[in-house]
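Dear colleague,

Please find below the structure that I am handing over to you. A summary of its pockets comes after it.

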Amino acid sequence: MKSSSASADEANGNIQDDLRQQVASIMLERIDVVTADAVAIFPYSGAEALDAEYCHQLGRLLAEFLAFAIRDGRIDPRGGFVADLHRVVVERALPMERLFTFAYLMERTALDELALSEDIGATTEPWPLVAQLVRRASFDLMGAYAERAQLEPSDAAIIDKLTTLHTRPMLDAVLAKEVERAGRFGHAISLILFDVDRLSVINQQHGYGVGDKILERLGILIRQYFRQHDWVARHSEDSIAVLLSSTDAEHASELAERVRATVEERLEFTDHRTERPVRVTLSAAVINVQVAVGNLIDPERLLADAEAAVERAKKQGRNRVERVDGYSGVLRAAEPQAPTS
């Protein structure tokens, strides 16, 4: 006989499955509208201009992909839809940042269209779960594409071969998307930057192979501390960035400190010439950003401020975490613009 809690979990699962089917069905019914709205606001008139026909093809594929990801609750990176998307992206060598911008705009237009539904719209009881399902599917879509692109590498590589973390171009694309999302919905975000102390000295004294081994092990270790939907990326030669959304500032800071302490305790190597252990430490920065609806954040400034905070940690003795709360780089929605004259 099933327990009451097991029965309740099963019932909740069935309700969510039914809602997935309903949301996906409405999206597919309105796919032309969703696609047209996303294409209309996609910034494709850059240095490498994309024609409207190509954008519509890519947009419809993303919309279908999103609907099926909502319906199934999972995406097979080796599946046909991911392969089709990869072929279309490679056809025009579309940069990862622009693809992810388009995917985010598709998520936004899908939510705007679903919000009008009488059954599951913004004024109904299921709406918070509907919005969660769409956003999760959008994340799964990007994650599946990232894995597929790793299997079929292109110039726009997204996985760093040494650390097996995401690359800097991937971080830049995701950060731009997430700070826009934070301003749209008023979500808090945290950016953590870890930097290996004296890695250049280690390379000079013990060989670059040792430095590579440290970074390889560091990538494996850091990834264990963060959620599947957190973004962990190699930021530069000797640093790793982690982007967390909707995370409590205390929790983000605690995670950074735990990583620092674990590296200090466990990550070391032996100099085979002297048989002496060589200690590895990290300096880190945590920037916690409280965002209200309508606020704006410059992703480039946010990264630059994180780098500056790491430098402060190093100047104050290394092997420590510099925490920044009340981040000053947020442009408040109600703030008047400075006069231009």
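The notes that follow describe the two pockets and their linings.

This is a predicted model, in which local features need pLDDT of at least 70 and side-chain atom pairs count only at pLDDT 80 or more, while totals for chains, interfaces and linings use all residues. Residues are numbered from 1 along each chain as its sequence is written, and side-chain values use heavy atoms, without hydrogens and water.

The largest pocket (an open set of points on a 1 Å grid over the protein atoms alone, where a 1.4 Å probe fits, with protein on both sides within 12 Å along at least five of seven lines) holds about 550 Å³ of space; a volume is the space filled by probe spheres set on the points, which are joined across faces, edges and corners. Its lining (residues with an atom within 4 Å of a point) numbers 22 residues, with Phe139, Gly143, Glu147, His166 and Gln228 nearest the centre. Two or more lining residues come from each of α6 (127-151) and β2 (231-236); helices (H or I, at least four residues) and strands (E, at least two) are DSSP runs, numbered from the N terminus. The largest share, eight residues, belongs to α6.

The second largest pocket contains about 420 Å³. Arg135, Arg136, Phe139, His229 and Ser245 are the closest to its centre among 18 lining residues. Elements giving two or more residues are α1 (4-29), α6, α7 (168-185) and β3 (239-245), and α6 again provides the largest share, with six.

Yours faithfully
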